[in-house]
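Reader: I'm new to reading structures, and I'd like a close look at a single part of this one. Could you walk me through the charged side chains?

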Amino acid sequence: MTPLLWEGLGVGSLGATVNRYQYFYYEAVRQQNMGNYAAAFELFRHCYELNPDASETNYALGTFYMAMQQDSVGVAYLKRATMLEPENSEFGEKLAQTYLYQNKITEAAKVYEQLVKQQPDHTEYLEILLRIYQQEHDYPNMLATLNRMEVQEGASEEITLEKMRVHSMMDDNEGAYRELKSLIDAHPFDHNLKLMLGNWYLNVGRKAEALRTFNEILAEEPDNAQAQMSLMDYYRSESLSGEADSVLYTMLVNPRTDPSTRVELIRSWVKDSEEKGGDSLRVMQVFDKVLALPQKTSEVAEMRAAYMELKGAANADIIPAWRRVLEITPDNTPARLHLIQQMWRDSIDERVIEECRIATEYIPDEPMLYYYYGLAQFINEHNRDAITTLKRGAGCITRETNKDIAGDIYALLGDIYQKEGKIKDAYQAYDSCLVYKPDHVSCLNNYAYFLSEEGKDLKKAEKMSYRAISAEANNPTYLDTYAWILYKQKRYDDAKAYIDMAMEYLKEGDDPDGEIQKHAEKINKKLKKK
């Protein structure tokens, strides 16, 4: 900005003052640009002493004082800068923004109104004013601002709809109707606008006109989904549930209905039915009618299966429902997992193993599927196959893999290796598990127990076992492991305390092999000898 306020006025003392002002002003700007703000501030203050009527110096000092949180002083300088150079929009904008920051909405609006007068083609000022007036619920000024925007930008659907919204907030239904009607008159073949009018009629209670409008649209465009949904809303508002359901069925079984619209319709209808205590048999009939059509996505089939689970259907019915999902989308991971979990509840047999195998063929990079596959093989004593499966699953683990499932894969792999007598491999698998999930309780317990059985790294085993009982203090198996490790270290009194707790928490079925009982007898025997 050029501070030559008296350029060409001559020489002498006045000219010398001008030259001095120019020198110090440019030096202040230079210091500011270099980041030397303290020096710049002092130089601007000196400039003000030389010429208090220099708008650019008042502006600079105003911004400095605002930054120093001396708001009242800063505003005074900014106001003076704007008064000295009212045509400078930068000064005006800064002052208006400062008022907004101070929540002085009325003062900010006045400044923006002045800016609009100076630069009427800058519609961004009008947009800011519109937001200010909306915040203040000043609806008349909102309408006036929108009208000015319409003059500058030309009539548009967006502005007209906003004017309609403002009239509605003013409870001026006639004004809102005039705005929407003018838009429809300008675009007589736009069904979206006509539908908007019908919905407006419905919202303000002019239901006969709403019905007539919806029917007019559907007469010209029978498959208009939005008009059909609005017609359903009309019937429901009149408690005509039969007519509303008839429209719903028409839309659901219409092959031309957009899949996303169909899904949203069913979701909304099922939710409404459940809230009203609807008939689940009727809901299932609707699902079946829709699924009789060709399906581009599996969302409806998934909703049907999930609804059956919600209503407590038998597994024999739920399993085919998830198979129907997979017929549509064979690589649907959540559906594969749902199916496997449902089958798991009945029996973990060869059929589950086969289903897991098929799942990994369709989705070869999902670790969780390999976990279920390997676990099912292990339960059915196919240990070598389980090792192969779990190693494949471990190879699919990435940074994005859930840490719990990564830990579970390696923990199970370690258990199977141990059962097969591959102790070194078992320990490596346990170590990998604890990398992904350091608090994997069963891994900590098993790792610790097998170390104690070998009589190796008993201090390490003790630490891991202690972490396990800290996590599950009432678990008799974990307490037994800790007691046994203490026993191996010949700390018989301590071992006695923990084995007693294990026996206290022991329930029927917790010790099928009698291992905990044997440990208790050995510990007690040692104490008697002692």
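Author: Here's a stroll through some charged side chains, starting with pairs and ending with a patch. Keep in mind that this is a predicted model. Side chains of opposite charge can pair when their charged atoms come close. In this model the count comes to 30 salt bridges, so let's pick out a few, using the rule that a side-chain nitrogen of Lys or Arg sits within 4 Å of a carboxyl oxygen of Asp or Glu.

Take Arg-206 and Glu-209, whose side chains meet with N and O 2.8 Å apart. Arg-206 counts as partly exposed because its relative accessibility is 25%, and Glu-209 is partly exposed too, at 22%.

Next up is Asp-404, which pairs with Lys-437 at 3.0 Å between the closest N and O atoms. This one links distant parts of the chain: Asp-404 belongs to helix α23, Lys-437 lies in the loop between α24 and α25, and they're 33 residues apart. Asp-404 is partly exposed, with 37% relative accessible area.

Then there's Asp-494 with Arg-491, bridged at 3.5 Å from N to O. They don't stop at a pair: salt bridges with shared partners tie Lys-459, Glu-462, Arg-491 and Asp-494 into one network.

Now for charges that gather with their own kind. Asp-121, Glu-124, Glu-127, Glu-153, Glu-157 and Glu-158 form a patch of negative charge on the surface. Helices α7 and α9 each provide at least two of the patch residues. Glu-127 is one that sits in α7, and it's partly exposed because its relative accessible area is 35%.

Technical notes. Residues numbered from 1 in each chain as written. Predicted model: local features only at pLDDT ≥ 70, side-chain atom pairs only at ≥ 80, totals over all residues. Heavy atoms only, no water. Patch = residues over 30% accessible without salt bridge, like charges linked within 9 Å, V, L, I, M, F, W, Y side chains within 5 Å. Areas by Shrake-Rupley, 256 points an atom, 1.4 Å probe, with all protein chains shown as cover. Lys, Arg positive; Asp, Glu negative; His and termini not counted. Charge placed at Lys NZ, Arg CZ, Asp CG, Glu CD. Helix = DSSP H or I, 4+ residues; strand = E, 2+ residues; numbered from the N terminus. Buried < 20%, exposed > 50% of the residue type's maximum accessible area, 1.4 Å probe, protein only.
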